Amino acid sequence: MKYFFIFLLIFCNIVFADSKEKRTNEITKNLKCLVCQGQSVYESNSDFAIDIKNFVKQEIVKNKTDEEIYEFLKDKYGQNIIFNPTFTLSNSALWIVPILFFVIGSILVFRRMSAK
Amino acid sequence: MHLKKEIKIVIVIIIFSIFFSFLYFSMFSEKDFKPKAMIGKNLPNLSSKTLYSEIEKDLKSIAENEKFILNVFASWCVPCKVEHPYLMKLKEQGFKIVAINYKDNPSNAKQFLEKYQNPFQEILLDPKGSLAINLGVFGVPETFIIDNNFKIIDKHIGPINENFFQKVMNIK
């Protein structure tokens, strides 16, 4: 029985450590390394990226949600630290233009096809 | 609507020119990141052990509701040596300067300050860079101007220079 509990404890430790590591990786893959050229925090080994990775790990240990971690970092470094930016007026073109091009293109193709 | 082919081409060129000039100028309107996201915000309440006393101190209690300068430095950082004379000049002008010693070896930091003189009233240790993240720091050196209500009124990334010195003098 004693060995069973020891095994269970080790097993749980490994599983939880693994899930925390996974969450850290997922979050840091969505964070931009602001002092690097086109790298995520996950990919970079700069001091900045290492600090952010450590911070994310600590916050996960403190049971903070992903949103709380992102909000904190957005507050400190601005919206652009996130690779997946939220919709704002200044980046509206980023979201609207592809849809606009698709609609205009579809209309043009449809008109040409119906003309034939 | 039967427009001439030339007119159609001109219209398409005009639309594309407007669109691409919008994209081109929007590249400059907002930089890749906002290095000054912390300006206008309140100074977070940070505490850490200090370099000389090893006692845990609170940044706000060191500042005592006075306007002050917060400098993030490290002995291994070459630009920190470049800016050091300006920090000394600010100290001579009577400014309170508090430092955060970023990811440094305390004995190296002490040697650095012995060699170049110490302009800091207090030096908080940040061995893991956690204080720096709370301040939105990108790297060393970085310098903040904080008013007497603990509001960050300006921030300078990189070694401070004559312009920054003049800016601080004007704020005084």
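Begin by selecting β4 and β5 of chain B, two strands that pair in the parallel sense over five bridges; bear in mind throughout that this is a predicted model. Within this pair, highlight B:Asn101 and then look across to β5(B), where B:Leu125 is its bridge partner.

Next, widen the selection to the whole sheet, which is open and is formed by five strands of chain B in the order β5-β4-β3-β6-β7, with mixed pairing. At its edges you will find β5 (122-126) and β7 (152-157) of chain B, each of which pairs on one side only. Neighbouring strands of this sheet are turned against each other by 20° on average, with direction ignored.

Now add helix α3 of chain B, residues 78-92, which lies across β3, β4 and β6 of chain B and runs at about 160° to β3(B). Showing its side chains brings up B:Cys80, B:Glu83, B:His84, B:Leu87, B:Met88 and B:Leu90, which are buried in α3(B). What do the buried residues of α3(B) pack against? Their partners in chain B include the strands β3 (68-73), β4 (97-102) and β6 (142-146), and to these are added the helices α4 (106-116) and α6 (162-171) of chain B.

Stay with α3(B) and centre the view on B:His84, a buried residue at which the helix has a kink of about 40°, shortly before the proline B:Pro85. Finally, follow the chain onward from α3(B) to B:Gly94, which comes after the helix and has a positive phi, near 95°.

Technical notes:
Residues numbered from 1 in each chain as written. Chains lettered and ligands numbered in written order. Predicted model: local features only at pLDDT ≥ 70, side-chain atom pairs only at ≥ 80, totals over all residues. Heavy atoms only, no water. Bend = angle between axes of the 7 residues up to and from the residue. Helix = DSSP H or I, 4+ residues; strand = E, 2+ residues; numbered from the N terminus. Buried < 20%, exposed > 50% of the residue type's maximum accessible area, 1.4 Å probe, protein only. Contact = heavy atoms within 4.5 Å. Pairing = 2+ DSSP bridges. Axes fitted to C-alpha atoms, helices over the stretch in contact; angles between N-to-C directions.
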